[in-house]
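Student: Can we walk through this one together? I'd like to go from the overall fold down to single residues.

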Amino acid sequence: MRNGAYAGMQPEKRKGKQDVFSDKYIPLLGNREHILTMQDAVVVIVAAIICGLYICCLNLYENVGDRWKGYSSYFQLGASLHCALSLYELMIYALLGKQWEFYLHHIAVLFVYWPGATRVEVCFFLAWAGLVEITNVPLSSLTILGRLKMKESPLYLFCGVSLYVTYVISRMISLPLTLLWLLVDLFTQPGETWNVTSRPFITYCIVSCLGIFALSAMWFSKIHNGLMKHLNAKPKKTEKQS
């Protein structure tokens, strides 16, 4: 998830030392707010395309051979876009001085999806796990709306609810199921799984999945609290004109 500091359904605010772009205009880049807004706009579009491509790969589920060694051109394109988006966001994070936890997810993506695409291994499971990126569509939409001061808009609430629903489904339910199915295949049919694939790569995939799930569980409490705060907020009273 690209914005782990997201809390209270508010645009991101960095505490402590500010980055070099905070109050400075950089040609072709703009200031901090310009950079972040462009990043969010890119993420909304590209993440939606990536998830659409990954969904097209899920027909590899039918047998263990396809799940572990099946090829899909949709996955090749989706994984390439996924890695490109991660590289783009890593550059933004480096420019803006993000905390270390923001980097972990994107580094894991690069070390999992690039080898997965080039080696053509466990593409089905990687595509299924990659659907967690769908949460970035409503999340980035929320931050854009927040910067536009549209927090009272029904669209803002819709994006918040969409984030909550997609987060629970894709990260808290679907991701553990992906790992569970992979492990069932691995232990019940090692001759077609563990023995014919790169063991270090599969091990790294499992560890990365556990790590992403742990981070997602940590971030979920912030998203839950943010949505509840927004839903329970009292509407602002408007002064009567005399």
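Tutor: Sure, and one term first: buried means under 20% relative accessible area, exposed means over 50%, and partly exposed is in between, with a 1.4 Å probe and protein chains only. This is a predicted model, where local features need pLDDT of at least 70 and side-chain atom pairs count only at pLDDT 80 or more, while totals for chains, interfaces and linings use all residues. Residues are numbered from 1 along each chain as its sequence is written, and side-chain values use heavy atoms, with hydrogens and water left out.

Student: With that cut-off, what share of the residues in the chain is buried?

Tutor: The chain has 242 residues, and the buried ones make up 47%.

Student: How many helices and how many strands does the secondary structure come to?

Tutor: Helices (H or I, at least four residues) and strands (E, at least two) are DSSP runs, numbered from the N terminus. Read along the sequence, the pattern is α-α-α-α-α-α-α-α. The count is zero strands and eight helices.

Student: Among contacts between residues at least 6 apart in sequence, what share joins residues at least 24 apart?

Tutor: A contact here means heavy atoms within 4.5 Å. For contacts between residues at least 6 apart, the share joining residues at least 24 apart is 80%.

Student: Which helix gives the most to the largest nonpolar core?

Tutor: A nonpolar core is a set of buried Ala, Val, Leu, Ile, Met, Phe, Trp, Tyr and Cys residues joined through side-chain atoms within 4.5 Å. The largest one has 40 residues, and those touching the most other members are Tyr-54, Trp-68, Phe-75, Tyr-113, Val-122 and Leu-126. At least two residues come from each of α1 (32–55), α2 (64–69), α3, α4 (100–119), α5 (123–130), α7 and α8 (199–232). With seven residues, the top contributor is α5.

Student: How many residues are in the other core that lies apart from it?

Tutor: Its members include Leu-139, Leu-145, Cys-159 and Tyr-167. The total for that separate core is eleven residues.

Student: Back to Tyr-54: which residues does it touch, leaving out those up to four places away in sequence?

Tutor: One partner, His-82, lies in helix α3 (residues 73–96) and is buried at 2% relative accessible area. His-82 in turn touches Ile-50, Tyr-54, Val-109, Tyr-113, Gly-130 and Glu-133, with the same sequence neighbours left out. For Tyr-54, the list is Phe-75, Gly-78, Ala-79, His-82, Tyr-113, Ala-127, Gly-130 and Leu-131.

Student: Why does the pair of Tyr-93 and Tyr-103 tie together parts that are apart in sequence, and how many residues apart are they?

Tutor: Rings of Phe, Tyr and Trp (its six-membered ring) pair if their centres lie within 6.5 Å; planes under 30 degrees apart count as stacked, over 60 as edge-to-face and the rest as tilted. The whole structure has 13 such aromatic pairs, and Tyr-93 with Tyr-103 is edge-to-face, at 5.9 Å centre to centre and 75° between the planes. Tyr-93 is buried at 0%, whereas Tyr-103 is partly exposed at 22%. Because Tyr-93 lies in helix α3 and Tyr-103 in helix α4, the parts they tie together are apart in sequence by ten residues.

Student: And are the rings of Phe-124 and Phe-125 stacked or edge-to-face?

Tutor: Phe-124 is buried at 3%, and Phe-125 is buried at 2%. Both belong to a cluster that ring pairs make with Trp-68, Trp-128 and Trp-181. Their centres are 5.1 Å apart and their planes at 70°, so the pair is edge-to-face.

Student: Where does Val-122 sit, given its positive phi?

Tutor: Val-122 has a phi of about 45° although it is not a glycine, and it is buried at 1% relative accessible area. Val-120 also has a positive phi, of about 55°, and is placed in the loop between α4 and α5. The place of Val-122 is likewise the loop between α4 and α5.

Student: Last one: how far apart in space are Thr-143 and Asp-40?

Tutor: Thr-143 lies in helix α6 (residues 136–147) and is buried at 1%. Thr-143 and Asp-40 are 103 residues apart in sequence, yet C-alpha to C-alpha the separation in space is 7.4 Å.
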